[in-house]
Amino acid sequence: MSYVGINEFKAALIRVDAPGMYTTIQDSGRVGFQQYGMPVAGPMDSESYLLGQALVGNKEPLGALECTVLPPTLTVQGTCIVAFTGADMHPTINNVVVPRYIPFICHEGDIISGGFSQCGVRMYIAFSGGIDVPAINGSVSTHTKAKIGGFEGRPLQAGDQFGIKAFTRDEVHVCDFYGGHNLFNTALYNRGGRECHEPLRVVLGNQAKYFTEKGIKTFGSKIYTLTVQCDRMGFRLDGPVIEHIDSADIISDGAVFGSIQVPSDGNPIVLMADRQTTGGYTKIGTVITADLPRLSQLPVGDGIHFDIISVEEAQEIYRTYIRRLHKRIQLAHEQSLYAVSYTHLRAHETLSD
């Protein structure tokens, strides 16, 4: 393994050759404005997003790409460092499949792409320095229904171009090989298999009193299916009816990420990153923070089982989850000092053609 040290990067430009299925620019979200009716937006899978930011050395959460099911095809104009996290979309650099959770340095003319997701639904592409688009209320997050943030308030389209900010950081060691190096511990990050299908843990809220005992028992014991009516605003589920005592309507009150509304048809809706600031349907409970990243990666058609837990249990799970996440983010920051270059692979492919 050979190294070349570098710590200054000029502004780069990214050209969108193909937009993918649904690609938006997101950062940590528009926090502090819900009282004015401004939705938060931000990443659906905040865990994968934060790990990506750490892997490219960003010390604060900056603009990244959230890719849904199929990633975009991008051409790099300049030099930048990228990392892929979240769903496994077999990301590629110059048609070479590269691992997720490893920083890569891309040069002039390099092409970033991938394929349909093999596990999970959302992949994140992080860039050192962050994506350079105008901030609205302190955030570059895209909210497509409000048509604000990101790139003109919409998903990316072919022909779009956006900048990557110039940045200076601690010296980055550019290496030409990652295989077997103990710094690149991808096993620590990968999530999938059995864990993805464990129950989603829920804390019942004050509005649970609007449901019958039978309705609450149904909610906590039956399987619900993720329908095609799922987007960044909410996941509509289908399954056994959750019975109300009377009406499903309430005076509108605050909505949080993971709130589970139950309208009059008795089928739950889990509110997600682009949720409205208030809602007028009864909320039976809220999915705990630790399970939201996993929920965001479930595909349409998957079955969901809710497990009702106490507030005290949720608090203990949260403390454990945050300690573990902080350790993973710290390791990701350590790995950010080493970036793999695929220039040699381009040269090799050219010679073999």
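A residue is called buried here when its relative accessible area is under 20%, exposed when that area is over 50% and partly exposed in between, using a 1.4 Å probe and protein chains only. The model is predicted, so local features need pLDDT of at least 70 and side-chain atom pairs count only at pLDDT 80 or more, while totals for chains, interfaces and linings use all residues. Residues are numbered from 1 along each chain as its sequence is written, and side-chain values use heavy atoms, with hydrogens and water left out.

Helix α4, a DSSP run (H or I, at least four residues; strands are E, at least two; both numbered from the N terminus), holds the 25 residues 311-335, which at 1.5 Å a residue, counted for one less than the number of residues, should span 36 Å, and its end C-alpha atoms agree, being 36 Å apart. Among its buried residues are Tyr321, Leu325, Arg328 and Gln335, and what covers the buried residues of α4 includes α1 (46-55), α3 (292-296) and β23 (303-309), contact meaning heavy atoms within 4.5 Å.

Across the whole structure there are four aromatic pairs, where rings of Phe, Tyr and Trp (its six-membered ring) pair if their centres lie within 6.5 Å, and planes under 30 degrees apart count as stacked, over 60 as edge-to-face and the rest as tilted. Phe127 and Phe162 have ring centres 6.3 Å apart and planes at 80°, so this pair is edge-to-face; it links strand β11 (residues 119-127) with strand β13 (residues 161-164), Phe127 and Phe162 being 35 residues apart. Phe127 is buried at 0% relative accessible area, and Phe162 is buried at 2%.

Tyr224 and Phe306 form a tilted pair, 6.2 Å centre to centre with 50° between the planes, and both are buried. Ring pairs join Phe219, Tyr224 and Phe306 into a cluster.
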